[in-house]
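Q: Please take a close look at a single strand in this model: its side chains, the strands beside it and the connections between them. Please also cover the cysteines.

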Amino acid sequence: MTLRQAQGPDVRLSINQATIKYSDLATALRVTAEAGVQGIGLWREPVNEVGLDVAARMLADSGLRFTTHCRGGFFTLPDGAERRAALDDNRRAIEETAALAAAGAEGSTAVLVLVAGGLPEGSRDLIGARERVRDAIGELSADAAAAGVTLAIEPLHPMFGSDRCVVATLGQALDIAADFDPAVVGAAVDTFHIWWDPQVLDQIARAGREGRIATYQVCDWKTPLPADVLLSRHYPGDGVIDFASLTQAVVATGYDRDIEVEIFNADIWAQDPAEVVRRTAESFAAAVSPHLV
């Protein structure tokens, strides 16, 4: 056991609130802090349930670092009222991210995770949808820069390409980000979505050279997948992902921020959130921590 583990949960571990989805904000903050975990990534819905000002005070009182805000994006629609409404909602998400990062403990990061969105209904124009993602980020980049927020483009596994995210590889995310200042537009490196990519190690190295890794998120992939593939994430170490190679590649870029565990799994969500946080810290220590040195 390393000193890092012997003293409690890894100091770089952050609990993404999706891992304890059914906990309200107060519960999520409490069980995370009580477990000795030092960081948390929040989701917009629980924050908006209590209001941004109240959420920021609650976060400040918790003593936790704020690591990401989930989520913005969903702007693949063509020009029209719905696209304009999506962009306005993303501007609100940028404001939320800045406020929460300011309220979090020292070392908090103002990172807004973007899920691009899928193909508009009836469309087969995948290339056009990706270009609209680039255009939308171009519209939002000035707002993000003014707020001191980094927009983190998250590539999703190709199985989500039609309904959730037309950006399927880290390389595609980096190609879009390349038009913008790295402090304003980066990428989210999520093991669940990128582990399969034969170019992933090269693309992680590229992301490091370009200063684009805004956040590193981990969870595992295990088969058989459930009927709802969205809920197929597992604790690190319970599936087939090689956390050694991926984590070592991220560390080699100089990435030194917190690392979130983000799990979508109905069985895990049904458990006591304090137990889930404990189990998350345990699995992170076994599967990820050894590769952070």
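A: What follows describes strand S5 and its neighbours, then the cysteines. The model is predicted.

Strand S5 spans residues 150–153. Thr 150 and Ala 152 point to one side of S5, while Leu 151 and Ile 153 point to the other. In a regular strand, side chains alternate between the two faces of the sheet. Thr 150, Leu 151, Ala 152 and Ile 153 are all buried.

S5 pairs with strand S4 (residues 111–115) through four bridges, in the parallel sense. Within this pairing, Leu 114 has Ile 153 as its bridge partner in S5. Between S4 and S5 the chain passes through helix H6 (residues 126–147), and this β-α-β crossover is right-handed.

S5 is also joined to strand S6 (residues 185–190), by three bridges, and the two strands run parallel. Here the bridge partner of Ile 153 in S6 is Ala 187. The chain goes from S5 to S6 by way of helix H7 (residues 170–177), and this β-α-β crossover is right-handed. Ile 153 thus has bridge partners in both pairings: Leu 114 and Ala 187.

As for the cysteines, the structure holds zero disulfides. A disulfide would need two cysteine sulfur atoms within 2.5 Å. The cysteine sulfur closest to that of Cys 70 belongs to Cys 219, and at 12 Å it is too far for a bond. For Cys 165, the closest cysteine sulfur is that of Cys 70, which at 13 Å is also too far for a bond. Cys 70 is buried, with a relative accessible area of 2%, and Cys 165 is buried at 0%.

Methods
Residues numbered from 1 in each chain as written. Predicted model: local features only at pLDDT ≥ 70, side-chain atom pairs only at ≥ 80, totals over all residues. Heavy atoms only, no water. Buried < 20%, exposed > 50% of the residue type's maximum accessible area, 1.4 Å probe, protein only. Pairing = 2+ DSSP bridges. Right-handed = clockwise from strand over helix to strand, strands pointing away.
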